[in-house]
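Open the model in your viewer and set it to a cartoon with side chains available on selection. The stops below go from one strand to its neighbours, then to the ligand, then to a second set of strands and helices.

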Amino acid sequence: MDGTQTYPVVEIFESLQGEGSNTGLEAVFLRLGGCNLDCPWCDTDWRRWERLDLGEVVRRVTAHRARALILTGGEPLACAGLGPLLARLKGLGYWIAAETNGVLAPPEEWRRQIDFLAVSPKARYAGRYDEARMVRQADEVRVVVDGDVADFCRDMRRRIAAPRYFLSPCARGGGANVAETMRLLGVLNRDVPPGGNWLLSVQAHKLAGLP
Ligand code: SF4
């Protein structure tokens with residue numbers, strides 16, 4: 001399977017991580033196409049990709065300087081056959097992070113290769129988070145403030161074990177609901193422990209004019 005496996009690649013580029021605990025990390029971003037959700041404010045064009053074989057993906061990733069890799073999408077964990085790619089990149093010494101909406105937990109074989117799992121659950125698809133299939137353990141959780149998400153945040157905090165929980169403003173129409181996000185942080189952080197300790201995550205790469 002290894003040699004013939006292909007992947008739907010939207011883009012591969014190097015930048016600084018702009019969100020969450022790893023803000024500022026120099027990394028190669030590998031964006032895969034396809035998603036199992038369809039958020040109306042999604043800022044990535046995951047519907048257009050080119051199919052590349054494993055060798056070509058590795059060639060384009062290794063052409064960049066950074067030796068951290070952030071696998072993003074779309075929904076990368078919905079991509080069939082990810083195992084050989086993760087294993088190859090791991091073998092080359094990459095530190096690998098994956099960004100997921102958390103609907104599908106990665107198979108154990110994939111999880112072993114992923115050093116950092118960031119989950120961004122989506123409130124408007126709350127019904128899709130099935131206890132038996134969803135991610136239950138992560139390195140961080142980032143909830144986008146898409147409407148009144150207070151109860152969803154509390155629910156995800158209970159269902160996904162993680163050392164850090166973030167709120168991210170929802171960007172649409174050229175703006176972002178930063179004040180609404182700050183207010184919700186204030187509300188959630190008044191919850192009785194262990195309910196508090198929510199942090200703010202902004203898309204710092206966009207503020208910095210980075211891809
Ligand atoms: S889960 Fe993420 S990639 Fe998929 S549609 Fe929503 S915002 Fe876009």
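Which residue in E5 is the bridge partner of Leu71? Select Leu71 and look across to E5: the partner is Ala98. Bear in mind throughout that this is a predicted model.

**Stop 1: strand E5 and its neighbours**

Select residues 95–100, which form strand E5. Five of the six residues here are buried, so the strand is largely enclosed by the rest of the structure. Now add residues 68–72, strand E4; E4 and E5 pair in the parallel sense over four bridges. To get from E4 to E5 the chain passes through helix H2, residues 82–91, and this β-α-β crossover is right-handed.

Next add residues 116–119, strand E6, which pairs with E5 in the parallel sense, again over four bridges. Keep Ala98 selected while you do this: in E6, Ala98 stands opposite Leu117. Ala98 thus serves as a marker, with Leu71 as its partner in E4 and Leu117 facing it in E6.

**Stop 2: Ile96**

Stay in strand E5 and pick Ile96. Is Ile96 buried or exposed? Ile96 is buried, because 20 other C-beta atoms lie within 10 Å, and a residue counts as buried at 20 or more. Leaving aside residues up to four places away in sequence, Ile96 touches Leu69, Leu71, Leu86, Leu89, Lys90, Gln113, Ile114 and Asp115. For a distance label, use Ala27: Ile96 and Ala27 are 69 residues apart in sequence, and their C-alpha atoms are 9.4 Å apart in space.

**Stop 3: helix H2**

Two of the contacts of Ile96, Leu86 and Leu89, lead into the next selection. In H2, the buried residues are Leu82, Leu85, Leu86 and Leu89. Look down the axis of H2: its buried residues fall within an arc of 95°, so they line one face of the helix. These buried residues pack against strand E1 (6–16), helix H1 (54–62), E4, E5 and helix H3 (108–111).

Just after H2, select Gly93, which takes a positive phi of about 95°. Most residues other than glycine have a negative phi, and most peptide bonds are trans.

**Stop 4: the cis bond and the ligand**

Go back along the chain to the loop between E4 and H2, where Gly74 lies. Display the backbone from Gly73 to Gly74: this peptide bond is cis, with omega near 15°.

Gly73 and Gly74 also belong to the surroundings of the ligand. Which other residues surround the ligand? Select Cys35, Leu37, Asp38, Cys39, Cys42, Thr44, Trp46, Glu75, Asn101 and Lys122 to complete the shell. Coloured by class, this shell has five nonpolar, four polar and three charged residues.

**Stop 5: strand E8 and its partners**

Move to residues 165–169, strand E8. E8 is mostly covered, with five of its five residues buried. Show the side chains: Tyr165, Leu167 and Pro169 point one way, Phe166 and Ser168 point the other way, and all are buried. In a regular strand the side chains alternate between the two faces of the sheet.

Strand E7, residues 140–145, pairs with E8 in the parallel sense over five bridges. Select Val141 and find its bridge partner in E8, Tyr165. E8 also pairs with E11 in the parallel sense, over three bridges, and there the bridge partner of Tyr165 is Trp198.

**Stop 6: helices H4 and H5**

Add helix H4, residues 150–159; E7, H4 and E8 make a right-handed β-α-β unit. Select the buried residues of H4, which are Phe152, Cys153, Met156 and Arg157. They cover an arc of only 135° around the axis, which puts them on the same side of H4. Asp151 and Arg158, on the other side of H4, are exposed. The cover over the buried residues of H4 includes E7, E8 and H5.

Finish on H5, residues 178–188, where Thr181, Leu184 and Leu188 are buried. They span an arc of only 65° around the axis, which puts them on the same side of H5. Ala179 and Gly186 are exposed on the other side of H5. Covering the buried residues of H5 are, among others, E7, H4, E8 and strand E11 (198–200).

Note on methods. Residues numbered from 1 in each chain as written. Predicted model: local features only at pLDDT ≥ 70, side-chain atom pairs only at ≥ 80, totals over all residues. Near = placed C-beta within 6 Å. Nonpolar A, V, L, I, M, F, W, Y, C, P; charged D, E, K, R; others polar. Buried ≥ 20, exposed ≤ 12 C-beta atoms within 10 Å, placed from the backbone. Helix = DSSP H or I, 4+ residues; strand = E, 2+ residues; numbered from the N terminus. Arc of directions from axis to C-beta. Contact = placed C-beta atoms within 7 Å. Pairing = 2+ DSSP bridges. Right-handed = clockwise from strand over helix to strand, strands pointing away.
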